[in-house]
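User: I'm new to this structure and would like to know how its labels are earned. Could you walk me through a few of them?

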Amino acid sequence: MAMTGLRPRESALHFDRAGLDEYDVGGVDFPDEFDDVPSVITVVGRHRARENQDLSGEYVRITNFHGRPAYRKAGTRTCIRYWSIADRWLIDREGLQESDTCNAYAEQGGARHPACEHLVWRVWESRHKQHVRDPEMLVTACPASIQIVGRAPGRENFALNGTYKLIGLHQGKVAYQKEGEKHCIRYWALGDRWLLDLEGLRDVDLCNAFADAHGGMHPGTRGLSWYVWDTSRGKHVLDSTLQSIVAPPVVELVGRESPKENVAMNGTYHLVGLFCGRPAYMKADGTGHAIRYWPREDRWLIDLDGLRDIDLCNAYAEAVVGVEHPGDLQLVWHVWETSRGKHLTDPAVRTFTAPHWVTISGRDPYKENAAMNGEYDLVDVVEGRPAYKKVDADHVIRYWPCEDRWVIDLEAGFQGGDVANAYADAKGAEHPGNTELLWYVWETSRGCHVADEDLIAEGQFMDYVDWSKVPGATRSRDA
């Protein structure tokens, strides 16, 4: 590829459009007949030691194909698509193609979408030279994670709090487990109950806490009442503060610029529980700054005075239909200006969910552009997506919407346009800390960007907060 562009530089070049997704159809309206199908589904249960285990993950609806909804795994070409000729759902790492070749399939069985838990998937295994039935593999519309919050610090079974991730089925319904722990949420069919069990997945009715399922599909269903084991009383006792919630554990707020009023609202907010029926978030630095829902006006409020039952706030945003938490880039924030005596729209203020850090690793230190290795901090939203920068350098990771690509820029910062030291086709990845992304790095000797399969971008979210160690947190949450 010949050198073109406004400002050529030693180790970067304008990238071309080769390899862009031919079916990138963001913003397309889907036919009304499929309005009720899930927009996000998850593949789980394939054992990590078996072939094609990398089919697991979250898939987002992108279009319709052969008359049914089609889904793509973020950062990849891997799709779940319908094949009308054989009346099957296919999982195909080659994307939307007119072929019956696939890595896994399930007989359609009348399903309008692939996230039906009665479907039985058969996965390709090379040593058998055929697709082999895998009863553990599941495609579901149930949430990929559940947050357990509210068990008071110092109380028995405080360890129940935390993030539980979807791992598969147990006794016919979805099961969740903490990463690196035995702690799980599992279904007990005999009593139609969800059990919180610190001893892991097992087929007994012993547990640390339970809630009557009432036929619900997953343990994040609203309105569950949790009973927690109390050794002193020898029974499970209702804990009205313990809640299972479908919401991100962390919401990031950026964009309020100094010297404007209320710049202190910037920062990281952690889930503390439900407030007025919606997830509520608070900073873990002892300030008490909170984001909460105000149902009377259907608004999200940023309140630097904490969680309180009042309509006074430092900023507000009208709630978006279908979004149950404040971590959404669609929200438009209006911030209080004392000099004007009212809230004024600040389009730079954004709330969203994304890794707090992204680490780039794997670029050979003896190769060109090895300086891109290192840790990048979340600093802003650029072109509608999270943007990252190294603390001690001008190296950045940013989104370039014209080609739907994530870009690593070592020289021009957030103003570099389509010139990049490295890029990866986003393929639906909402942030660059997705290990599925394939990065292409500029090599002067070749005169083009070259795929580097050793280069990995990995996102890291803020850790779960132990609120017992946050000054004033208990008072603010109980207010």
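Analyst: Happy to! A strand here is a DSSP run of type E with at least two residues, numbered from the N terminus. R405 sits in one of these, strand β33, which covers residues 405–409. Please keep in mind that this is a predicted model.

User: Why does R405 count as buried?

Analyst: Buried means under 20% relative accessible area. R405 has 0% relative accessibility, so it counts as buried.

User: What makes the link between the side chains of R405 and D425 a polar contact?

Analyst: A polar contact needs a pair of N or O atoms within 3.5 Å. The side chains of R405 and D425 make theirs at 2.6 Å.

User: How do you know that β36 and β37 pair?

Analyst: Two strands pair if DSSP finds at least two bridges between them. Strand β36 (residues 439–443) and strand β37 (residues 448–452) are joined by five bridges and run antiparallel, with W439 opposite D452 of β37. Together they form a hairpin with four residues in between, and G447 in that turn has a positive phi of about 70°.

User: And what joins β2 to β3?

Analyst: Four bridges do, in the antiparallel sense, between β2 (residues 40–44) and β3 (residues 57–65). Within this pair, I41 has Y59 in β3 as its bridge partner.

User: Which sheet has the order that includes β2 and β3?

Analyst: That is an open sheet of nine strands with antiparallel pairing, in the order β9-β8-β7-β6-β5-β4-β3-β2-β10.

User: What makes β9 and β10 edge strands?

Analyst: β9 (130–134) and β10 (138–140) each pair on one side only. From one strand to the next, the twist averages 30°.

Conventions. Residues are numbered from 1 along each chain as its sequence is written. This is a predicted model: local features need pLDDT of at least 70, side-chain atom pairs count only at pLDDT 80 or more; totals for chains, interfaces and linings use all residues. Side-chain values use heavy atoms; hydrogens and water are left out. Axes are lines fitted to C-alpha atoms, for helices over the stretch in contact, and angles run from 0 to 180 degrees between N-to-C directions. Buried means under 20% relative accessible area, exposed over 50%, partly exposed in between (1.4 Å probe, protein chains only). A polar contact is a pair of N or O atoms within 3.5 Å; within protein, one must be able to donate a hydrogen and the other to accept it, and residues adjacent in sequence count only if both atoms are side-chain atoms.
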